[in-house]
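This report walks through one protein chain, from a pair of residues in a sheet to the chain as a whole. Please keep the sequence and the structure in view while reading.

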Amino acid sequence: MKQADLGIGSDYAFLTYQPYDGAPLAARVRIVSIDGQGKVTVRVMDPGPKLPKNAWGARPVKQNEQQQITTRKIVCPWDEWADRSAAIGAENERKIAERRTRYDDFERRLADRLVLDPERVLPTEYDEDYFSPDTDAEERTALSQQYIPARGLGPYATLEEIRPLLVDLPVPVLRDVLATDARRRPGRAGTVAATFLRAAELLEVSRIASMRHAGRTSQEIPRPERLLDDRDIAFVNAVRDQIAAAGGELLLPPVPVLPDWVDEDDRTTAPVFGWLRLAVADTSGRLLHSPGCRSVRSYPVQLADHVPWWLVMLEHPRQLCAICGGPAVRDLVAMAGFVAAVDVWHARGCDKIERWQQTALQRLLSATALARAEAQEPDITLAWRIVAALRENSPGERGWAAYTLVAANGWNRLEQEIEKLPQAQREEARVVARDRLNVLGAALPTSHHTPPLPETADVHMIRQRYQHLKDLLQDTAPQLDRLLFTLPGAR
Ligand SMILES: [Zn+2]
């Protein structure tokens with residue numbers, strides 16, 4: 001209080017203790033004299049409630065004690081004190097309660113980040129603005145530990161094999177992936193357990209496939225055509241559209257336009273996913289296997305050879321192993337992140353795309369780029385050029401006669417077929433064969449350069465050229481005969 005408002009002989013409240021969580025305490029003092037310069041002398045009429053022990057900032061006083069104090073320490077006239085103290089106490093308690101609620105809320109949210117709940121309704125948002133590297137690392141370790149019981153793994157499962165699975169996606173997404181049923185039972189619609197089945201399974205396949213004794217896995221490594229569908233294509237297009245709407249462009253690795261004799265589904269998928277890397281098992285035979293195939297011994301999926309999917313699309317179905325179905329998805333962790341993004345997008349009605357979802361697609365692209373870097377594979381390969389060059393002006397039906405002409409030799413009966421043809425058709429076949437071989441020759445690098453066959457090249461010369469190029473490119477371009485001559489209806 002101000003000195004001017006104080007009166008000698010009157011009683012006032014002198015603050016002795018101000019706790020942060022309750023009502024303040026005061027002694028009742030009577031003013032003996034007003035001393036000037038903001039000071040008064042008071043006598044303690046009643047020291048007030050006993051102060052708590054070691055109370056910080058407390059000013060204990062004794063009954064009848066007389067002392068000089070500054071007027072600032074006098075709160076109010078004594079008869080106002082009870083109300084005043086109660087009001088301050090109530091305000092303090094309210095603040096404390098508010099803080100506690102906020103804290104509990106924070107604690108609950110923090111704890112909830114690691115609670116696996118299959119019944120959890122798919123959150124409307126996974127993106128997070130707040131990120132701390134320390135807590136992030138702790139949370140991922142905690143999730144890695146939860147992975148073992150969540151997937152029903154035995155005592156031999158180790159954190160070392162699980163940690164690499166949980167590196168990319170945001171923690172709450174991983175939490176919800178782990179909440180899915182380990183025996184692949186879909187959860188109720190709209191829950192996280194119904195949303196993340198594909199992602200959870202891919203992570204588990206990746207764990208098994210990367211284990212030391214890998215090569216043979218109890219679960220098949222998925223083939224891309226079994227894993228991916230229209231939703232995935234739509235998602236990639238939606239991400240690219242969103243980027244384009246913001247004035248940018250997301251480039252996919254180049255894929256050549258595939259010829260018309262390639263399976264129609266494959267031709268639809270190729271422009272969007274043809275770049276995806278497929279792992280090919282190591283085998284001495286001619287069939288293509290996945291590294292998980294039980295009929296071959298192979299390196300683990302990450303160490304096996306790999307090719308872009310479009311190259312496998314060009315293979316004759318006979319070349320694909322009937323047991324495993326052929327090469328399988330290589331970058332399983334990145335793919336798990338990608339399908340998680342797609343499935344959340346789809347479950348939310350193909351609406352907004354969050355940052356983590358676009359990132360998941362870009363991570364898959366960067367896994368592809370890394371795989372290609374390790375294999376020193378350029379953006380455009382020789383196989384790419386050959387496919388692109390031969391797709392133009394393909395001969396269609398006329399290709400059969402041209403093929404028969406070049407492939408005839410002493411060991412097959414094609415020579416007789418040729419001799420049955422009228423002269424005009426034989427001449428047409430010769431021209432088609434020569435032109436197609438020249439197109440192929442022109443697509444080759446200078447190191448393989450062959451001079452174009454002249455207009456007058458005879459059948460013998462054309463056959464020699466055909467055989468030369470066939471031998472040269474036997475490991476480069478699948479189905480070279482079809483690329484050259486279309487061969488509609490070929491089996
Ligand atoms: Zn196989």
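Ala279 has His306, in strand β7, as its bridge partner. The model is predicted, and local features need pLDDT of at least 70, side-chain atom pairs count only at pLDDT 80 or more, while totals for chains, interfaces and linings use all residues. Residues are numbered from 1 along each chain as its sequence is written.

Strand β6, residues 277–280, pairs with β7 in the antiparallel sense over four bridges, where pairing requires that DSSP finds at least two bridges between two strands. Together with β8 these strands form an open antiparallel sheet in the order β7-β6-β8, and its edge strands, each pairing on one side only, are listed below.

| Edge strand | Residues |
|---|---|
| β7 | 305–308 |
| β8 | 328–329 |

Helices (H or I, at least four residues) and strands (E, at least two) are DSSP runs, numbered from the N terminus, and the protein chain holds 18 helices and eight strands.

Is Phe196, in the loop between α5 (192–195) and α6 (197–209), buried or exposed? Phe196 counts as buried because it has 29 C-beta neighbours inside 10 Å; the buried class needs 20 or more other C-beta atoms within 10 Å of the residue's own, the exposed class 12 or fewer, and partly exposed lies in between, with C-beta atoms placed from the backbone. Across the protein chain, 33% of the 491 residues count as buried.

The C-alpha atoms of the protein chain fill a box of roughly 140 × 50 × 40 Å, taken along the principal axes.
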